[in-house]
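This report treats the annotated spans, the nonpolar cores and the surroundings of one ligand. The sequence and structure are shown first.

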Amino acid sequence: MQSFEQLGQQARALAGGSTGKVIPIVPAQQLSAAEGEVARVMQICNACRYCEGFCAVFPAMTRRLEFGKADVNYLANLCHNCGACLHACQYAPPHAFGINIPKAMAEVRGQTYADYAWPPALGKLYQRNGLTLSLALVAALTLFLVLAALREGGLEALWGAKLGGDFYNLFPHNLLVGMFAPVFLFVVFALFMGVRRFWKDVKPATSGVDVSGAAATEATGDVLRLKYLDGGHGDGCHNEDDAYTLKRRRYHHLTFYGFMLCFAATAVATVYHYVFGWEAPYDLPSLPKILGGVGGLSLMLGTAGLWHLNRTRHPLHGDAKQKPMDLGFIALLFLVAASGLALWLGRATPALALLLCLHLGAVMALFITLPYGKFAHGVFRTAALLRFNTEKRQPNPVGLGAD
Ligand code: SF4
Ligand code: SF4
């Protein structure tokens, strides 16, 4: 229990939001400045509750009276940065309370990716994994492959009809598997370890109950539909102004399902190769080609749209410091899709080897940066939605006017 004096201090601290002096509420010694700001705004929102129907954050908030580190990390990863609560808020800047939830949540989200990264030493890459680094990595890996090809077969291997439309003549299948399989396995392991650490912290703060089948099904539906990018009313969220738009949701869907189709194309090709002995290259109307073609186009459209939305976003949405990380990931996805389609269209031209080096360089750069870049937001948000759909099935521990 807190004394009246402590409660009075907290009330003064809450009202002091615009002074730039953040006074963390509970428990002060454990919260960073960004986490303290989320705790502060949540205390105010918990008294106001105007935005209750917008997304999962507000119903989750009403189950709490205090916001510790695990609560704040959980809520930050539940937030989809749709901007609705900023545009609706009567206490948003320039009001003295200075409530900007999308920004406060985004800052903590970025911090959780770094804090929970595995191995921990690589968590710092989140701050550096910007657009320049991503593109430099593509260039370096492409150059490395070009030099390897030159060393193997001279200029003729790099520019000419010597490959006969079959890129395995330049980089044999087993060599490619040997290059990409270990990196892929490392990526899966690193992401698993990171989200496992997050889960261990957040589970006790979200009822501690294991995920049921019903909760998992509902969370999967929330993820696949991107439910919380609908603004709570189905008209969408905000981008550069007060108008609702469904563009962010649609471009995210094009990107996500495009990526999944490309992944499915690779998986089907692997089955063709190892199970049926049908070796690449495959052409239309084979399943890998159809999946890869449709997936690549979808990925290009989705990432081009997300790039545009990111560049025109309202300056008060999110954390501007994370923009290079966001743009780096979008650019890598676009490059992977565009170079893959160019490789297909240019397979009969003398540029095949160069296009192959560019595509492999882009794919490798994407893989290497996956656990330490924007991709992590999908993994951590899915974990948060699983906890949300589990927690909401339990009795409300507060029981004061919750949904
Ligand atoms: S964001 Fe503003 S309007 Fe919405 S619940 Fe919080 S204080 Fe109220
Ligand atoms: S920005 Fe959107 S998703 Fe995040 S808390 Fe506000 S309304 Fe919810």
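An unreviewed UniProt entry places the feature "transmembrane region" at residues 131–150, 170–193, 254–275, 287–307, 327–345 and 351–372. Such positions follow the numbering used here, feature names are shortened, and annotations may be inferred rather than shown by experiment. The model is predicted: local features need pLDDT of at least 70, side-chain atom pairs count only at pLDDT 80 or more, and totals for chains, interfaces and linings use all residues. Residues are numbered from 1 along each chain as its sequence is written, while chains are lettered from A and ligands numbered from 1 in the order in which they are written.

Two of the annotated spans are described below.

| Span | Helix | Strand | Distance between end C-alpha atoms |
|---|---|---|---|
| residues 131–150 | 100% | 0% | 29 Å |
| residues 327–345 | 100% | 0% | 27 Å |

The largest nonpolar core (buried Ala, Val, Leu, Ile, Met, Phe, Trp, Tyr and Cys residues joined through C-beta atoms within 7 Å; buried means 20 or more other C-beta atoms within 10 Å of the residue's own, with C-beta atoms placed from the backbone) has 50 residues. V38, V57, L75, L78 and M105 have the most contacts inside this core. Apart from it lies another core of 41 residues, including F167, A269, A337 and L370.

Around ligand 2 there are 15 residues (C-beta atom, placed from the backbone, within 6 Å of the molecule), of which F54, C55, C79, C82 and C85 come nearest. The largest share of this shell, 3 residues, comes from α6. The shell divides into 12 nonpolar, 3 polar and no charged residues, where Ala, Val, Leu, Ile, Met, Phe, Trp, Tyr, Cys and Pro count as nonpolar, Asp, Glu, Lys and Arg as charged, and the others, Gly among them, as polar. Helices are DSSP runs (H or I, at least four residues), numbered from the N terminus; strands are E runs of at least two.

Key. A residue is buried if 20 or more other C-beta atoms lie within 10 Å of its own, exposed if 12 or fewer, and partly exposed in between; C-beta atoms are placed from the backbone.
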